[in-house]
Amino acid sequence: MFLAATAITTTVVAVTTACAKDPRAAAPPGPSTSPTRAADADAAEKTALLDVYRAFWDSQLKVYVSGSMQDTGIEKVAGDKAYSKVQTTRAYYVENGLEVKGAPTHAPQVTALDMTATPPSATITDCLDSTDYFKVDKATGKKVETVDNNRRHMATYQALRIAGSWQIRDFDISRDRLC
């Protein structure tokens, strides 16, 4: 009887131990990607996007003031249609003897961010206020009047993350959407 009890106990211990060491057994819950960590990553990406957006505007202003694309840093922060639009505007200003004075004020917000896209993409929406940003005739120094008296327009910028860096790829400044 004692021998039978010992055999049963040994079997129960062996089975229990084997089950505990079974690699198919459910692992205890471990750390998972928490919403907080994902939100922090998104916050970091949004900060990087807005930094690139501000650098885009700084470079764009250098292009318009100098009349040249060289040594402005625009190629680092703008690509595709955004680069072409800045280049086209620069050419228009040069051909028409215009230069810019001042700078617009901004209120940019990242309104869309898709880090799962290939490449990751984002949208920045901004209320551009050009009250203190205007064109002047280079020869006379006189301010060039614009057809549109409203100096606050909504603008939308598309960005892509390429080779680890964000770049403004296209933009639209809406004359119909005021802010």
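1. Burial in this note follows one cut-off: a residue is buried when its relative accessible area is under 20%, exposed when that area is over 50%, and partly exposed in between. By this criterion, 28% of the 179 residues of the chain are buried. The model is a predicted one, and every remark below should be read with that in mind. The chain exposes about 11,500 Å², of which carbon and sulfur atoms supply 57%.

2. As to the overall arrangement, the chain holds 4 helices and 6 strands. Their order along the sequence is α-α-α-α-β-β-β-β-β-β. Among the contacts in the chain with a separation of 6 or more, 60% are between residues 24 or more positions apart.

3. Strand β3 deserves attention for its pairing. Strand β2 (residues 109–114) runs antiparallel to strand β3 (residues 121–129), and 5 bridges join the two. One pairing can be named here: Q109 has T125 of β3 as its bridge partner. The connection from β2 to β3 is a hairpin of 6 residues. β3 also pairs with β5, again in the antiparallel sense, over 9 bridges. In that pairing, D126 has A155 of β5 as its bridge partner.

4. The burial of β3 is the next point. Because 8 of its 9 residues are buried, β3 is largely enclosed by the rest of the structure. In a regular strand, the side chains alternate between the two faces of the sheet.

5. T123 serves as an example from this strand. T123 lies in β3 and counts as buried because its relative accessibility is 16%, below the 20% limit. Apart from neighbours within four places in sequence, its contacts are Q109, V110, T111, A112, T156, Y157 and Q158. Of these, Q109 is a residue that bridges to β3. T123 and D170 are separated by 47 residues in sequence, with a C-alpha to C-alpha distance of 9.8 Å.

6. The loop of the β2–β3 hairpin contains a feature to check. The peptide bond between T118 and P119 is cis, with omega about -5°. P119 is placed in the loop between β2 and β3.

7. The largest nonpolar core has 29 residues, and those touching the most other members are F56, W57, I74, V86, I124, Y157 and I168. Two or more residues of this core come from each of α2 (35–66), α3 (74–77), α4 (80–95), β1 (98–102), β3, β5 (152–162) and β6 (165–178). The largest share is that of α2, with 9 residues. In soluble globular proteins, nonpolar side chains tend to be buried together.

8. Two members of the core invite a closer look. V86, leaving aside neighbours within four places in sequence, is in contact with F56, Q60, V63, Y64, M69, I74 and F171. F56 and I74 are, like V86, among the residues that touch the most other core members. Y157, also listed there, is one of the contacts of T123.

9. Helix α3 also has a residue at the surface. K76 lies in α3 and is exposed because its relative accessible area is 64%, beyond the 50% limit. K76 and S59 are 17 residues apart along the chain, and their C-alpha atoms are separated by 9.2 Å.

10. Two backbone angles should be inspected. D71, a residue other than glycine, has a positive phi near 60°. D71 is located in the loop between α2 and α3 and counts as exposed because its relative accessibility is 81%. D80, which is not a glycine either, has a positive phi of about 55°. D80 is in helix α4 and is partly exposed because its relative accessible area is 48%.

11. Which residues lie nearest the centre of the largest pocket? They are Y93, Y133, K135, I173 and R175, out of 23 lining residues. The volume of this pocket is about 610 Å³. At least two lining residues come from each of α2, α4, β4 (133–137) and β6. Of these elements, α2, α4 and β6 also give two or more residues to the largest nonpolar core.

Methods:
Residues are numbered from 1 along each chain as its sequence is written. This is a predicted model: local features need pLDDT of at least 70, side-chain atom pairs count only at pLDDT 80 or more; totals for chains, interfaces and linings use all residues. Side-chain values use heavy atoms; hydrogens and water are left out. Buried means under 20% relative accessible area, exposed over 50%, partly exposed in between (1.4 Å probe, protein chains only). Contact means heavy atoms within 4.5 Å. Accessible areas come from the Shrake-Rupley method with a 1.4 Å probe; for residues, only the protein chains shown count as cover. Two strands pair if DSSP finds at least two bridges between them. A nonpolar core is a set of buried Ala, Val, Leu, Ile, Met, Phe, Trp, Tyr and Cys residues joined through side-chain atoms within 4.5 Å. On a 1 Å grid over the protein atoms alone, a cavity is a set of points where a 1.4 Å probe fits but cannot get out, and a pocket is an open set with protein on both sides within 12 Å along at least five of seven lines; lining residues have an atom within 4 Å of a point. Grid points are joined across faces, edges and corners, and a volume is the space filled by probe spheres set on the points.
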